[in-house]
Amino acid sequence: MSALKDKTNTLLYNLAADLMFKRPTRKYLVRLMEKKVASALEPGKNSQFPKSSKRILREKKLIALSIIQSLVHSIESGNLNRKVAHAIFNLWIDVMAKPRQSNEAVRHFYGENGYYPPWFLVISPGHACNLKCNDCYASSASSDGTKLDWEIMDRLISDAKKIWGIKLVVFSGGEPFIYRSNGKDILDIVKKNPDMLFLAFTNGTVLDRDLTEKIAAYKNLTPAFSVEGLQQATDKRRGAGAFEKVLNAMELMRNAGAPFGISVTVNRENYQDILGDEFLDFFFNIQGAFYGFYFQYLPIGKNSDFNHMPTPGQRLEFWKNIWGVIERKKLFLIDFWNHGTLVKGCISAGRDGGYFYVDWNGSVMPCVFTPYSAGNIIELYNNGKTLEDVWNLPFFASIRKWQAENGHGTCNPKDPGNLLTPCPFRDHHQQFMKWLDEYDPEDEDLPAMEIRKDAEYKQKMVEYSMELHELFDPVWQSEYVKGPDDS
């Protein structure tokens, strides 16, 4: 019965995708989808978010509508081919919108543990990178050949799918498209798992016609190209010529008819420009980006600098501005840290709806931006252990306990905590240092070791956290706990 239902859904999704390529039926389908979204996120009527505030439901609605409009724009601009659209309607909806409880592995994990498993994995398969960004969070270098063996990565993904029901894998780095192991690369993983969705954060400089045509043919990977702004800002950080190479990769993706996005590091200097009309029109209207991910600069990795991290006041301004842009321009934009309300807070340490991070050494960490490891997947495998043992490691369990105690993982703004300040490392640094002292996880690299011992660094992070809460706690109370229209 389940197989018949899946086959029927596939036929319906393919039909819907085909109808989106015809103008009269596209308008009808868009209106229908928008109506469905409005109904599903109407306060008091959606059992999935029974305790959500009106503000959170409105934000979810804005994002859902922006995804619909991004799809429409990609089709109308000729940037999306029909076969890839089929995959978006089938795979993307399956990964992002289908209730996870329908997955047998997810139900089994819940029955055994009383919690749902993580939603996705982030893997940095190799440490090497062909660029030399001055303050790379991963401390990557072209000369570093450290990498996961392909067999380990293959097993990791297969186990995550089998044990946790995971259908989304994110590749980071290093530069993931230069990874090679035993004659294989990340596209071999992508091809082997057509029922999974992959996202690759890339500098875009090594993508050629052959790679982009494979991406379009496999239909289940989307690259997010890293930019810092327009040409001057991007080349300043990434090196002369980097911006033009990114634009060339974007052109190849458009010609192949496959969706791509941008990944932007928000810093103290660019936080206004990267939400400006010139920047957004260039990348979304001219270049054809489908989505945009914003990562606020965090002083970790080599040559990190506190003076690049947005101030709490700038972060608040960015929060206000990005929601205005999403509503006004209907762009699919996600602001990591400020959009904790969309994902129920901190998503680290294998929380339900969250993820684990595995680097090129096999080190398993709670988050890409917390470079401290509680275990090594290669050693765990060698000792006969599984991903279940990873999930149960005390360091991760303690973080999940803190998340639950502070309302993370729920949609109820009246729980303790503040989903606008979700990050244990950035927004609650004193708490994170207690975990380091108690569990003594392994430092990922030398910079992680140095900041752990740096009293001045700790003090600056704690002061940042305190100032952040002074600004954001009143916003949380007025906009979410008791919104302007919640009397």
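In this predicted model, helix 4 (82-96) and strand 4 (221-227) each put at least two residues into the lining of the largest cavity. Helix 4 chips in the most, with three residues. The full set of lining residues runs Val 84, Ile 88, Trp 92, Leu 197, Ile 215, Lys 219, Asn 220, Leu 221, Thr 222, Ala 258 and Pro 259. By character, the lining of this cavity breaks down into eight nonpolar residues, two polar ones and one charged one. Lys is counted as charged, so the charged member of the list is Lys 219. As for volume, the largest cavity comes to about 50 Å³. In total, four cavities of 30 Å³ or more turn up in the model.

Now for the sheet. Ten strands come together in an open sheet with mixed pairing, and their order is 7-6-5-4-3-2-1-8-9-11. At the edges sit strand 7 (333-336) and strand 11 (375-376); each has a single partner strand, so one side of each goes without a neighbour in the sheet. Strand 4, which helps line the largest cavity, is placed between strands 5 and 3 in the sheet order.

Further along that order, strand 3 is followed by strand 2. Strand 2 (residues 168-171) and strand 3 (residues 197-202) run parallel and are joined by four bridges. One of the residues involved is Phe 171, whose bridge partner in strand 3 is Ala 200. Strand 3 also has a link to the cavity: Leu 197, one of the lining residues, falls within the 197-202 stretch of that strand.

Technical notes: Residues numbered from 1 in each chain as written. Predicted model: local features only at pLDDT ≥ 70, side-chain atom pairs only at ≥ 80, totals over all residues. Heavy atoms only, no water. Pairing = 2+ DSSP bridges. 1 Å grid on protein atoms, 1.4 Å probe; cavity = no way out; pocket = protein on both sides within 12 Å on 5 of 7 lines; lining within 4 Å. Points joined across faces, edges and corners; volume = space filled by probe spheres on them.
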